[in-house]
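Could you walk me through this structure, one piece at a time? I would like to know how the strands sit together and what surrounds a few of the side chains.

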Amino acid sequence: MKKRLFAVLLALVFCLSCAIPALAANIDRSRVADGAELLDDDEVAQLSAKLDEMSNRLQMDVVVMTSDDLQGYDTATECADELYEYCGYGFGDDKDGIMLFISMDDRDWAISTCGKAIDVFTDYDCDYIADEIVPYLADGDYYEAFDYFSDLCDEQCTQYDENGGDDDGGWVDDDPIYDDDNDDHRNFTLPSEKLSPVWILVSIVVGVLLSAMIVSTMVSNLKSVRFQPSASSYVKHGSMQITDSSDLFLYSTMTRTPRPKHDDNSSSGSMHSGGSTVHMSSSGTMHGGSSGKF
């Protein structure tokens, strides 16, 4: 009896020792999940190292995931949100992080944010990042797109932290219009001293006199035009005779405006958090981001 019990316990220990490495491997998710095989091994290794360093430094997961299709989900946004949670991404209890998801079937892209990343990456920021990387995706330069995505995320997080969390998502520093080295940049210099009231008064008087002269010239050219008390004054006498007249009601127009209704279930749809539009996944986790085609 004791031998049988010992054998059973030994088998249980052996099973647990086999299960623990498998469980650990299941939890250790790469931040580059290239299911569509858009990158070669060297590109995956380089991008993974870069995203791992960024994520640990920022304490926020930065992830790139590709797939052949939407995995049975209706939209790229839904797929990105669900896969982000299913794969266990995100730092802390709030699952802080951002993920770029690519589906090659219908050439969909989606950016999913969670936790702190919802505040860091506003709707404007997500759209800006997408506008920057979509041309690379459209040309098939996938590594360049993913690498640029990581740089933009790093830059936005740095800008957010430098502003103490008060970021308007303007990306002004990157706009060439405001670049001091831009040849088209124009510097406007305001007068260093206030204008004298005498000059202001002279300007007003000159303006009034010029206006009066122009108006009087226009009026003098309209000598044949005089005010007439009725429309009959414009009709030549005896040229028109009205034999019968009546008033006819032709039609009426009625406009109806529906009364706005209050939606009691509005909490289940999209909501706003700061500068981000957020929605809820099937697990009840809030996500932000944006999506589109390339």
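What follows is a guided walk through some strands, two serines, a helix, the aromatic pairs and some backbone turns.

Please keep in mind along the way that this is a predicted model. A good place to begin is strand β3, which covers residues 97-103. Is this strand buried or exposed? Of its 7 residues, 7 are buried, so β3 is largely enclosed by the rest of the structure. The cut-off behind that reasoning is a relative accessible area under 20%. You can also follow the side chains along the strand: Gly-97, Met-99, Phe-101 and Ser-103 point one way, while Ile-98, Leu-100 and Ile-102 point the other way. Both sets are buried.

Now look at the strands that pair with β3. With strand β2 (residues 61-67), β3 pairs in the parallel sense, over 7 bridges. If you want a landmark for this pairing, find Val-63, which stands opposite Met-99 of β3. To get from β2 to β3 the chain passes through helix α3, residues 76-86, and the resulting β-α-β crossover is right-handed.

Strand β4 (residues 108-114) also pairs with β3, this time in the antiparallel sense and over 7 bridges. Here a handy landmark is Gly-97, whose bridge partner in β4 is Cys-114. The two strands β3 and β4 make a hairpin, with 4 residues between them. In that turn sits Arg-107, with a positive phi of about 55°.

Two serines from further along the chain are worth a visit. Ser-290 belongs to strand β7, residues 286-293. Its relative accessible area is 12%, so Ser-290 is buried. Which residues does Ser-290 contact, leaving aside its neighbours within four places in sequence? They are Trp-109, Ala-110, Ile-111, Cys-126 and Asp-127.

The other serine, Ser-281, lies in the loop between β6 (276-280) and β7. Despite the loop setting, Ser-281 is buried, with a relative accessible area of 10%. Its side chain makes a polar contact of 2.6 Å with the side chain of Glu-85. A polar contact of 3.1 Å also joins the side chains of Ser-281 and Ser-283. Not counting residues up to four places away in sequence, Ser-281 touches Asp-81, Glu-82, Glu-85 and His-287.

Let us turn to helix α6, residues 142-162. At 1.5 Å a residue, its 21 residues should span 30 Å, and the end C-alpha atoms are indeed 30 Å apart, which agrees. After α6 comes Gly-164, whose phi is positive, near 70°.

How many aromatic pairs does the structure hold? There are 2. One is formed by Tyr-84 and Tyr-89 and is tilted, with 5.9 Å from centre to centre and 45° between the planes. Tyr-84 counts as buried at 1% relative accessibility, and Tyr-89 counts as buried at 5%. Tyr-136 and Tyr-148 form an edge-to-face pair, at 5.9 Å centre to centre with 80° between the planes. This pair links distant parts of the chain: Tyr-136 is in helix α5 (residues 123-138) and Tyr-148 is in helix α6, 12 residues apart. For Tyr-136 the relative accessibility is 33%, so this residue counts as partly exposed. Tyr-148, at 24%, counts as partly exposed too.

To finish, here are two spots in the backbone that you may like to inspect. Gln-71 has a phi near 55°, a positive value in a residue other than glycine. You will find Gln-71 in the loop between β2 and α3, and at 47% relative accessibility it counts as partly exposed. Lys-95 is not a glycine either, yet its phi is positive, at about 60°. The place of Lys-95 is the loop between α3 and β3, and with a relative accessibility of 28% Lys-95 counts as partly exposed.

Technical notes: Residues numbered from 1 in each chain as written. Heavy atoms only, no water. Buried < 20%, exposed > 50% of the residue type's maximum accessible area, 1.4 Å probe, protein only. Pairing = 2+ DSSP bridges. Right-handed = clockwise from strand over helix to strand, strands pointing away. Contact = heavy atoms within 4.5 Å. Polar contact = N/O pair within 3.5 Å; in protein donor to acceptor, adjacent residues only side chain to side chain. Expected span 1.5 Å × (residues − 1). Phe/Tyr/Trp six-rings, centres within 6.5 Å; stacked < 30°, edge-to-face > 60°.
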